[in-house]
Every structure is written in C-alpha cells, then in structure tokens.
Amino acid sequence: MPTGPPTFLEAPCGERLELSEARFVARRINGIGKGIGFVGPLHMDKGTASFQVEIIELEAKSSQTMAIGICCELPSQKPLRAERAKDIGRGTLLLGYDLPKFYCHGNETEKIQTKEWRPIKELAVGDIVGLQFKRASMELSVFVNGQRKVTVTAPATDDHTLPTEVWGVVDVCGNVRAVKLTNSADSSVRGLVSPSLCPPTAAAVTAKPDPKCDGNADSAELSATQDANTSSGAPSQMPNNIPARESESKSARESGPGSQAVKREADASQGEPVAKRLCLPAFSMCSCHVHLISHAGSIVHVAQTSFLIGRNPKTANLTLQNPLVPNMVSRAHARIISSDDGVEVVDSKSLNGTWVNGERVTDRRKLLHGDVVIIGDPGKGPADFRFNISLPPPA
C-alpha cells in the first residue's frame with residue numbers, strides 16, 4: 001500500500017490549529033473554522049496515495065464537521081487564513097462537512113448521499129478516517145474504520161493541474177476538535193486495509209532528545225509522581241520515568257530535585273531482577289522500548305521493564321486520577337512489562353479492568369504498535385485514561 005509521512009506540516013496550517021511536539025496530533029484551539037492541517041507530500045505507489053487520521057476529541061452540540069482530501073500545491077500563506085479548506089481554491093479536492101459534499105478547486109461539485117457517509121452523525125472518538133487518491137482516474141475514496149464509504153471522481157481538467165505530487169488536507173472544524181495521524185499498525189485495530197501510513201520514526205514520537213527520558217504531561221490528571229518537583233516550584237514533569245540504574249551511587253540517587261521520585265521508581269520495581277540488556281528494539285533518543293501516547297498527544301516514556309500504572313502516587317510510575325471518577329483507577333491497576341518476548345500489559349486484578357482494543361484483559365496481553373489501551377471502564381472513564389501504544393521500528 002502507498003504510505004505517507006507520519007507528521008503534520010508545521011506550516012502552513014490554520015490560525016487556530018495547534019500541533020503537538022511530536023506533530024502527529026492536530027488540535028483546534030477555539031472557534032469553528034481555521035483548523036486546517038496538511039501532511040505530505042504523499043508517496044505515490046503505482047499512482048495511488050493515501051493517509052488516515054484517528055478522531056481523538058469531539059465537541060458536543062457543534063456542526064460543520066471535518067473534511068478530508070488532497071491539494072496539488074501548498075498555499076503560500078503563513079499562517080493559513082482560509083476559514084475552510086474548501087476556501088483554499090484551485091488545486092484542492094475535498095470531501096466532507098456537515099451535509100457532506102465534494103468540493104473541486106473550491107467549488108461544490110456534487111453532494112454525497114448521507115446514507116453513504118455523514119460525518120457529523122457517524123464519527124466517534126477512536127474512529128479512523130482515511131483518504132485514498134488515484135491519480136490516473138482522479139478518484140478519491142473515504143474509508144471509515146476500514147469500510148469504503150464513498151468514492152468520487154474529479155472532473156476532467158487541463159494537464160498542468162494534474163498533480164505530480166499531492167499533500168493530504170484535514171479540516172478540523174465543528175464537533176471534531178482533534179485528530180491524530182495514524183499508521184498501518186494502528187489500522188489493524190479496526191481491520192483497515194487501506195489506506196495506510198508508514199510507522200513513526202523515533203524522532204516523530206519522542207518529545208525531546210533527552211537521554212534521561214523525561215516526558216511532559218499536558219493534563220493535571222495525567223501525571224507521574226511529582227512531589228519533589230512540586231516542592232521546588234519546577235514545572236510538572238514525569239521524574240520517575242528516569243531509568244533507575246543499579247550502577248548509580250546511593251549519594252547520586254538521593255540528591256537533586258528528582259531524588260524522591262527516583263527512589264519511588266526503584267521501590268515500585270523492587271523484586272524485579274536487573275536483567276541483561278533486552279533484545280527488543282528501542283527508541284534511539286531515549287532507549288525506551290515502548291511509549292504511551294495520551295489523547296492529547298503527549299508522550300509517556302516507559303523507561304522501566306516493569307512500569308506501574310495506578311492511583312497511588314507513592315508507588316505508581318504513572319498516576320491517573322480524575323475527580324469526576326475518583327475510584328475508576330485502582331491503586332495498583334496495571335503494569336507494562338518489557339521482556340525479550342515483547343511488551344505486555346498485565347492487569348493487577350483491578351476493579352474496572354484494563355482494556356486493549358475494546359477487549360478486557362483477563363490476565364496479560366501482548367501489545368502491538370497502534371494498540372489502544374484504556375485504564376478503567378471505557379464507557380465511563382475520561383479521555384486521559386486512554387493511550388495509544390507506540391513501539392520503535394524494528395532494528
């Protein structure tokens with residue numbers, strides 16, 4: 001299948017569109033329009049290009065939902081000031097919005113039967129929407145969760161507008177607040193065969209090249225143990241994601257602003273023997289064997305071979321708590337275990353369960369790149385309790 005770049009372009013993008021550090025999450029800051037993002041240029045494989053996004057945040061009581069398509073030439077405006085992607089004009093082929101229509105070069109070409117695809121009624125958090133473009137026939141197809149919803153054909157045009165390379169266009173507006181670029185491994189969750197993206201590189205999923213593997217969280221409810229940083233007035237970080245190395249001296253481990261968190265990490269993993277270097281692939285910039293990607297696009301570095309997720313800040317490597325569902329997460333809820341056999345999630349007999357791709361984990365389950373892990377009841381828990389698994393590409 002054809003593949004495309006795993007990140008949104010930093011420029012041009014809509015005035016109200018915000019990209020995460022990793023740049024594969026695009027979020028509309030406010031308002032309805034001016035949330036346009038681009039990806040590409042898309043790789044043509046036998047004249048076909050494609051990309052796909054996952055819906056990660058919706059707003060209630062809004063209309064004029066997302067549109068998706070391609071453009072033959074990037075706009076020169078920086079930042080892009082068009083209210084809608086259809087306003088970009090010549091060179092754009094776009095499908096979607098409230099009552100979905102096909103826009104060719106900024107003009108409405110045809111209406112899409114709502115029984116085929118009506119984004120405002122159908123889309124839900126976790127849905128994967130893909131766009132496939134065939135250059136020879138000028139056909140565009142929209143896929144939702146692996147099912148082809150609609151195919152349209154652009155009208156014949158003069159040769160100089162026939163694209164030699166194209167960019168993907170995503171208009172995040174209305175009730176769609178944020179989307180994330182996904183890849184072929186993510187699509188296997190929903191059985192999506194086409195379209196696909198190549199897996200992200202280490203640079204694409206690493207917030208910053210820090211050898212200590214610190215990660216920033218966007219939410220106050222999603223944080224690692226922070227007592228030391230809080231007392232010193234430092235910004236919220238995840239200090240206990242720093243690998244605990246047995247070779248470090250006691251004085252080095254008990255000094256500095258993050259010493260309490262380091263000791264807690266050591267206590268949390270007590271009883272886990274220090275093993276030889278794992279034979280698993282690792283991200284080059286941080287040596288992690290797995291990352292957890294939050295709904296907001298922030299990266300949780302899993303730097304231990306046994307990484308505890310739970311409600312108790314004294315023992316958990318990643319503390320999850322939300323006042324709306326105070327007991328959704330157990331004190332010691334689940335562990336992410338890395339071994340030569342791969343990466344697994346192990347449920348610690350939690351009350352509300354650990355879920356992978358919509359299925360409850362009864363004991364343990366091997367994790368694959370793109371798997372969706374939910375801590376607690378999927379129907380009642382907040383978005384902060386949902387993570388995508390990101391594994392490094394094979395060595």
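Student: Which residues of E6 are buried on one side, and which on the other?

Tutor: This is a predicted model, and both faces of E6 are covered in it. Thr92, Leu94 and Gly96 lie on one side, Leu93 and Leu95 on the other, and all are buried. The strand spans residues 92-96, and five of its five residues are buried.

Student: Which strand pairs with E6 over five bridges, and in what sense?

Tutor: The general idea comes before the case. Strands of a sheet pair through backbone hydrogen bonds, either parallel or antiparallel. Here the partner is E5, residues 67-71, and the sense is antiparallel. As a register point, Cys71 stands opposite Thr92.

Student: How many bridges join E6 to E7?

Tutor: Four, and the two strands run antiparallel, with E7 covering residues 101-104. Leu93 has Cys104 as its bridge partner there. E6 and E7 form a hairpin with four residues between them. One residue of that turn, Tyr97, has a positive phi of about 75°.

Student: What follows E7 in the pairing, and how many residues lie between the two strands of that hairpin?

Tutor: E7 forms a hairpin with E8, with two residues between them. His105 in this turn has a positive phi of about 55°. E7 and E8 are antiparallel and share four bridges. Two pairs fix the register: Lys101 is bridged to Lys111, and Phe102 stands opposite Glu110.

Student: In what order do the six strands of the open sheet run?

Tutor: The order is E3-E12-E5-E6-E7-E8, with antiparallel pairing. E3 (36-39) and E8 (107-111) are the edge strands, since each pairs on one side only. From one strand to the next, the twist averages 20°.

Student: Where is Val166 found relative to E12?

Tutor: Val166 is in the loop between E11 (147-153) and E12 (167-171).

Student: Is Val166 buried or exposed?

Tutor: Accessibility decides this one. Val166 counts as buried because its relative accessibility is 0%. Leaving out residues up to four places away in sequence, Val166 touches Pro41, Leu42, Met44, Ala49, Ile70, Cys71 and Phe133. Cys71 is the residue that stands opposite Thr92 in E6. A C-alpha distance adds a further check: Val166 and His43 are 123 residues apart along the chain, and their C-alpha atoms are separated by 8.3 Å.

Student: How many disulfides does the structure hold?

Tutor: A disulfide is a covalent bond between the sulfur atoms of two cysteines. The structure holds zero disulfides.

Student: Why does Cys104 form no such bond?

Tutor: Its closest cysteine sulfur, in Cys72, is 8.7 Å away, which is too far for a bond. Burial is a separate matter. Cys104 counts as buried because its relative accessibility is 5%, and Cys173 counts as buried because its value is 0%.

Student: Which loop holds His295?

Tutor: His295 is in the loop between E15 (290-294) and E16 (299-302).

Student: Why does His295 count as buried?

Tutor: Its relative accessibility is 16%, so His295 counts as buried; the cut-off is under 20%.

Student: What does the side chain of His295 make a polar contact with?

Tutor: The partner is the side chain of Asp384, at 3.3 Å. Asp384 also appears in the wider contact list of His295, which leaves aside neighbours within four places in sequence. The other residues on that list are Arg27, Ile56, Ala383 and Arg386.

Key: Residues are numbered from 1 along each chain as its sequence is written. This is a predicted model: local features need pLDDT of at least 70, side-chain atom pairs count only at pLDDT 80 or more; totals for chains, interfaces and linings use all residues. Side-chain values use heavy atoms; hydrogens and water are left out. Buried means under 20% relative accessible area, exposed over 50%, partly exposed in between (1.4 Å probe, protein chains only). A polar contact is a pair of N or O atoms within 3.5 Å; within protein, one must be able to donate a hydrogen and the other to accept it, and residues adjacent in sequence count only if both atoms are side-chain atoms. Contact means heavy atoms within 4.5 Å. Two strands pair if DSSP finds at least two bridges between them. Axes are lines fitted to C-alpha atoms, for helices over the stretch in contact, and angles run from 0 to 180 degrees between N-to-C directions. A disulfide is a pair of cysteine sulfur atoms within 2.5 Å.
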